[in-house]
Structure formats: structure tokens, C-alpha cells
Amino acid sequence: MTKMAQNIFKRLWFRRAGIAFVHDMLAAIVSLPIAFYLRVGNDILDPKYLDILMVATPIYAGVAAISFWACGLYRGLWRYASIKDMNNILKGSLLSIIAYLPVFFIFNRLEGFPRTVPIIQLMIVVAILGGSRTLYRMIWRRYFSDEFYAHDKKNRIPVLLYGAGDGAELFIRASQKGPSNYEVVGIIDDRRLNKGRTIHGVKVLGGTKDFDKVIEKLSRKEKMPQRLIFTLQEGRKDTTDGTLMRKITECAEANGLTLSRLPRLENFRKIDDAKTIELQPIAIEDLLGRPQKVLNKQQVEQMLTNKRILITGAGGSIGSELCRQIMSFKPDSLMLLDNGEHNLYQIKMSLNEQNGNTSFDVALCDIRDRDRLAQIFDRYHPEVVFHAAAYKHVPMIESNPAEGVLTNAIGTRNVADACKVAGVEAMIQISTDKAVNPTNVMGATKKLAEYYCQSLDLDPQCKTRYATVRFGNVLGSSGSVVPLFERQLKSGGPLTVTDPNIERFFMTIPEAVGLVLSASAYGINPKTNKDDGPIFVLDMGEPIKIDEVARQMIRLAGYVPDQDIKIVYTGLRPGEKMYEELFNTGESIKPTELEGIQIAEPDPIERQVLIKAIKDLEAAARINDEAWIMRLLRQYVPGYTNEAADFKAVAGKK
């Protein structure tokens with residue numbers, strides 16, 4: 001095409017809607033004679049047919065003009081003609097045929113009008129309107145899209161896709177139809193039926209077991225990929241298979257490829273511009289190997305909507321997520337309670353941005369202070385309380401056992417008693433897998449907290465319902481190893497792991513809180529749960545080695561473990577287990593109707609014994625008598641063993 005031709009075309013493009021309209025009217029005018037000719041052949045010159053055409057053609061043209069415009073044929077750009085445009089053409093054409101026949105009937109009652117002509121005419125109109133737009137799109141892409149035509153494909157990054165699905169199709173189409181930083185050189189997919197097939201000319205070269213062969217083949221063709229892009233979207237089983245994700249990560253690492261994934265399809269801002277497809281790194285939560293559980297919204301709404309909610313530890317990682325998720329259920333009001341000024345300020349600012357019509361307030365309060373708690377409960381009158389305030393860092397509490405007792409055990413007692421006195425409908429306590437067969441002070445104090453809430457729920461004189469939700473580590477929480485690894489990575493390493501074989505359960509903060517809400521709604525509803533003193537245990541999937549988490553995070557950062565970033569083993573810390581458990585040895589396990597949630601049924605401690613134990617522990621903690629604290633924990637917490645802590649406490653007294 002000459003430059004002059006391009007300039008003329010571009011000037012005319014400003015009148016594109018008018019030109020398109022004229023084109024479609026010409027198509028409408030010629031469609032009826034062509035349909036007649038295909039139906040009657042040379043007999044079309046018969047005067048009776050000529051008379052019909054003289055009247056019917058202008059009628060159809062007028063009706064078609066209205067139908068085409070009403071169906072939106074002139075809102076889109078021909079160079080981006082798509083399936084949606086074809087649907088509009090089909091609707092407009094069908095409407096025009098259906099509408100003009102009754103109008104023409106008024107003139108001659110369709111005498112001499114072949115009954116098959118409308119069907120033939122419909123196909124002709126659709127073919128002309130659709131075909132011309134498709135042809136225009138092809139011509140525009142070949143001659144007039146200067147940006148696309150001038151783009152130097154040699155500067156594109158060759159990439160390999162994993163997954164022959166919608167994400168791959170969208171990415172390939174976008175990279176082929178306009179300026180793009182990427183050139184797709186092949187697809188990897190583990191479904192055997194897809195091998196050898198193509199998406200927009202890009203071939204499925206094999207599965208993950210063929211990865212090395214695929215790379216070698218592409219290298220020989222001088223199409224060595226630099227990046228592997230995971231294109232499967234959430235909702236498929238493949239995307240929740242942590243084993244698959246780890247395998248893909250290893251394949252990418254072994255061949256020096258950067259690993260990325262596509263964002264959600266609905267987040268693509270404009271399909272026709274590949275620049276806007278912003279690749280994302282694979283997140284560590286993708287490697288957990290467990291599908292995300294679904295929130296039971298109906299029961300949660302019944303528990304939260306139009307209720308006064310109070311959350312202790314509201315500024316912590318779990319507490320703040322509880323605030324955000326609960327806010328979306330439109331409670332009547334929300335009270336955020338925390339003893340950390342900065343954390344409370346942070347969650348207040350976050351909710352100010354999120355807040356719709358829900359009012360909320362904040363209260364600086366230490367749950368050890370019974371009088372302050374009583375004032376807040378008396379003023380606020382909460383109906384549902386979520387108790388997330390606790391000390392969670394195992395080594396820190398081993399060094400400061402009195403603080404752990406005062407917050408985790410005594411503080412929980414204070415909150416639970418305040419709920420009873422204030423007539424709160426339900427209190428939900430957030431517990432931890434460290435409370436199972438505890439080997440540290442943190443776990444033992446949380447186990448006592450479980451026992452205390454259970455004892456109140458079993459008390460027939462207490463009208464408040466109490467439920468405990470127990471789960472393991474959450475990614476990104478204040479006590480999680482992941483933020484530590486992230487900080488160590490930023491400083492260039494090394495990453496510190498206590499032992500190469502240590503294992504932990506993991507789940508994401510939003511999923512953990514969602515399951516807490518589901519379990520809570522189920523647990524306090526007498527119609528669904530008949531158990532007293534329930535301890536709900538979240539399904540954490542299979543435990544994962546901390547060493548593997550560290551190595552995956554190094555790979556995702558673009559480095560090679562043990563070469564670019566070292567891993568140093570520091571040894572188990574005081575009170576730390578090699579592996580965690582979700583159920584005590586003596587607990588019976590009971591399934592629930594909720595996916596991902598089970599009930600642990602421990603043997604309760606007699607309430608009077610429990611009250612004396614907590615009273616004695618409080619006395620020991622107030623004077624910081626560590627030896628006394630250890631003796632009491634071993635006496636009252638079944639299964640608690642911590643010889644190292646006992647030795648330290650006794651040695652400190654000498």
C-alpha cells in the first residue's frame with residue numbers, strides 16, 4: 001500500500017460509522033435479488049418477479065436500516081470484529097427478515113413470493129456483512145496497523161506456556177495480534193489428548209515428563225525459551241495441586257527459565273493489547289498442594305449480619321483479616337480491641353478505606369486487665385466475640401513463660417468471663433496446633449485456654465456459647481517463617497532453617513479466617529451442631545518441610561538454592577517440635593457437614609480443678625516464678641513435656 005492510500009483511508013475512517021451503514025444498506029439491497037436468483041434462476045426476469053422485487057427491495061432496505069442500527073452493528077470497530085459482532089449481525093439480519101415480511105404482506109399478501117427466499121436471503125445477508133468485516137480485519141492487520149507491522153519480532157522474549165486452556169489461548173491471541181514483548185514458542189500440557197494439537201498455530205509439545213526433550217528441541221530450532229508461564233486459571237484441580245506446581249518450578253529452575261503466571265482472566269484490562277497482560281510471579285501459596293476451601297456464606301451471614309461484633313487482637317495478622325472479612329457481612333457495628341497502638345491504627349486506617357455503612361470503633365486494651373474489659377463490654381454490649389489476642393512466638397514465650405501464661409491463659413479467662421457476665425451470644429476462640437501434645441509454654445497455655453472455654457460451654461448455667469477453632473501456621477502471619485525468609489532474601493541470604501526435616505502445616509490467612517467464620521457459624525448454631533464445648537480443627541492438608549519452603553522461595557526469587565543463596569541449619573529452638581499435630585492422642589475425631597472442618601472431642605478437665613489451676617498459674621506468673629509455672633503446667637496440661645524449660649527454670653532459681 002502506498003502512503004497516499006493509507007492517508008486517504010485514515011481520512012475516511014473518521015466517517016467509519018456512515019461508511020459501514022452505507023455498505024450494509026447496499027448489502028441489504030442486493031441480498032433480495034440474489035436470493036430470488038438462487039431460488040428461481042433465470043426466471044427472475046419474469047415480470048411478476050420483477051414487480052415483487054421493485055416493491056420488496058426498498059421495504060427490506062428500510063426495515064434492515066432500523067434493525068441493524070438497533071442491534072448495535074455500528075458501535076464496534078471493524079478491525080476488532082469478533083464473535084460478539086457476528087452475534088449482532090445474526091440478530092440484526094434475523095430481525096430484519098422477520099420484520100419486513102409482515103410489512104410486505106400488507107402490499108400483496110406475499111402472492112408469488114417463494115417461501116424459501118427469506119431463508120436464502122438471511123444466509124446471504126449474514127455472509128456479506130460478516131465476510132466483509134472479517135476481510136477488513138485481515139487487511140487492516142496486514143497493511144494499516146503501523147505499530148504491529150513495524151514491530152521487530154526479533155526483540156520479543158521467547159516463552160513456553162504451561163496449560164492448553166483459555167488462559168493460553170488468550171495470551172497467544174493477544175501476543176499475535178498486536179505489539180507484544182513475548183513470542184510463544186510452544187505449550188506444555190500433561191493431558192495426553194492435547195499433545196500434538198495447536199492453539200492459534202502454537203503446538204502442544206508434550207507434558208512435564210517431556211520437558212527436557214522439549215527444551216532441547218526448541219534450542220536446536222534457535223527458539224530457546226527464556227520464561228515459563230503458568231496459564232491455568234483458578235478453579236481447576238490442576239491449579240491447586242502443589243505437587244504439580246513444585247514439579248513445574250523444578251523444571252523451570254533446571255533449565256534456567258523464569259517462572260511466571262497469568263493474572264485472573266477477568267483482570268485483563270484489554271484483550272486486544274498484549275502489553276496489558278502483566279505476568280505475575282508464582283506465589284508461595286501456589287505450592288501448598290491443597291485446594292482452597294469455600295466459605296459457607298449463608299450460615300456466616302446469619303451469625304454476623306446486623307450483629308454487634310467485638311474482636312480481640314484486632315491488629316494482628318489473623319485479627320485484622322477477621323475485621324476485613326466480617327465487615328463485608330454488614331454487621332451492625334464492630335469493636336476492634338488490641339493492646340498495640342500501631343497495629344490498631346493500621347487496621348483502623350484499612351477499614352476506613354473499605355468501610356461502607358458499618359460503624360466501628362477501636363479500644364486500646366490489654367486482655368489481662370479484667371476491669372478494663374468489663375468497662376468495654378458494659379459500654380459496647382457485643383453479641384459475638386472473636387478472641388484472637390495471644391502471644392504466638394514459641395521461642396519468645398519459652399524465654400518469658402510468665403508473659404505467655406498471663407496473656408494466653410489468664411487473658412482468655414478474662415475475655416471468656418466477660419462474655420458470660422455481659423450475656424454475649426457466642427465467643428469464638430482462635431487456637432493453634434501448638435496446643436496439641438504441647439512441648440512448649442505457648443502450646444500449653446493455649447491448651448489451658450481451650451479447656452477453659454470448653455468448661456464454660458459445658459456449664460448449664462452459662463447462656464453464652466463457646467467454640468474453639470484450631471489450626472496451624474498461616475502464610476504471612478506475624479509468627480510465620482515466610483516473612484522471615486522474605487527479609488533474608490532481600491538482604492542476600494542466607495536463609496535460616498532449624499532442621500532439614502522439620503515440617504509444618506500451612507494455609508493462607510484469608511482461607512484460615514474464612515474457615516474460622518464457617519466453623520464458628522456452624523459451632524454456635526444449635527440446629528447444626530449438637531456438641532458441647534466443640535473444638536473445630538481446620539484441614540491443613542499435608543505438612544510441608546520448612547526446608548522445601550525456603551528452597552521454593554529462593555527459586556521464585558530467580559536464584560538457585562545453595563549456589564546463589566545459601567541455606568543454613570541452626571538447630572531446633574527451645575520448645576520446638578520436628579513436626580506438628582492437629583489432634584491430641586486422646587482426642588476422638590468427628591467429621592462435620594462442612595468441607596475442611598472436623599471436631600476434636602477432648603476429655604474436659606473438671607471445672608473446679610481448672611479454676612484452681614488457672615488461679616495458681618496466675619499467682620505464679622504475677623511473681624514470675626518460672627519453676628512453679630512449669631510444675632503447674634505439667635500437672636494440669638495432659639501430655640505437656642518440656643524438660644529443657646524445667647531445667648532452665650530450676651537452674652535460674654539456684
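Reader: In which loop is P494 found?

Author: P494 is found in the loop between α17 (481-490) and β15 (495-497). The model is a predicted one. The peptide bond from G493 to P494 is cis, with omega near 0°.

Reader: How many helices and strands does the chain have?

Author: There are 22 helices and 22 strands in the chain. Of its 654 residues, 54% count as buried. One may also ask how far apart in sequence the partners of a contact lie. Among contacts between residues at least 6 apart in sequence, 76% join residues at least 24 apart.

Reader: I should like to learn how to read a sheet. What holds its strands together, and in which senses can they pair?

Author: Strands of a sheet pair through backbone hydrogen bonds, and the pairing is either parallel or antiparallel. Here, an open sheet of 9 strands follows the order β10-β9-β8-β11-β12-β13-β18-β22-β21, and its pairing is mixed.

Reader: Which strands stand at the edges of this sheet?

Author: The edge strands are β10 (359-364) and β21 (588-591). Each has a single partner strand, so one side of each is left without a neighbour in the sheet. From one strand to the next, the twist averages 25°.

Reader: Which strands run parallel to β8, and by how many bridges are they joined to it?

Author: Strand β8 (residues 308-312) is joined by 5 bridges to strand β9 (residues 333-338), and these two run parallel. In that pair, R308 stands opposite S333 in β9. Strand β8 also runs parallel to β11, with 4 bridges between them. There, I309 stands opposite V384 in β11.

Reader: How does the sheet continue from β11 to β12?

Author: Strand β11 and strand β12 (residues 426-432) run parallel and are joined by 4 bridges. The bridge partner of V385 in β12 is M427.

Reader: Are the residues V384 and F386 on one side of β11 buried or exposed?

Author: A strand has two faces, and each should be inspected. In strand β11 (residues 384-387), V384 and F386 on one side are buried, as are V385 and H387 on the other, and both faces are thus covered.

Reader: Which helix lies across β9 and β10?

Author: Helix α12 (residues 341-354) lies across these two strands, and runs at about 175° to β10.

Reader: Where in the sheet may I find antiparallel pairing?

Author: Strand β18 (residues 535-538) and β22 pair in the antiparallel sense over 4 bridges. In this pair, F536 stands opposite I599 in β22. Strands β21 and β22 are likewise antiparallel, over 4 bridges, and the bridge partner of S588 in β22 is E601.

Reader: What should I note in the loop between β21 and β22?

Author: G596 is found there, and β22 spans residues 597-601. The hairpin of β21 and β22 has 5 residues between the strands, and G596 takes a positive phi near 85°. With a relative accessible area of 14%, G596 is buried. G596 and L515 are 81 residues apart in sequence, and their C-alpha atoms are 7.9 Å apart in space.

Reader: Which residues other than glycine have a positive phi?

Author: One of them is N306, with phi near 65°. N306 lies in the loop between α10 and β8, and counts as exposed at 58% relative accessibility. Another is K330, with a positive phi of about 55°. K330 is in the loop between α11 and β9, and is exposed with a relative accessible area of 57%.

Reader: Why does K307 count as buried?

Author: Residues under 20% relative accessible area are called buried. K307 has 17% relative accessibility, and therefore counts as buried. K307 has its place in the loop between α10 (297-304) and β8. Apart from its neighbours within four places in sequence, K307 is in contact with Q302, P331, D332, S333, E383 and E425.

Reader: At what angle do helices α11 and α18 pack?

Author: The angle between helix α11 (residues 317-327) and helix α18 (residues 509-523) is about 65°, and their axes are 9 Å apart. The two are therefore roughly perpendicular to each other. The crossing of α11 past α18 is right-handed. The contact is made by residues including I318, L322 and I326 of α11 and V513, V516 and L517 of α18. The residues of this contact divide into 8 nonpolar, 3 polar and 1 charged.

Methods
Residues numbered from 1 in each chain as written. Predicted model: local features only at pLDDT ≥ 70, side-chain atom pairs only at ≥ 80, totals over all residues. Heavy atoms only, no water. Pairing = 2+ DSSP bridges. Axes fitted to C-alpha atoms, helices over the stretch in contact; angles between N-to-C directions. Contact = heavy atoms within 4.5 Å. Buried < 20%, exposed > 50% of the residue type's maximum accessible area, 1.4 Å probe, protein only. Parallel < 35°, antiparallel > 145°, perpendicular 65-115°, else oblique. Left-handed = near helix turned anticlockwise from the far one by under 90°. Nonpolar A, V, L, I, M, F, W, Y, C, P; charged D, E, K, R; others polar.
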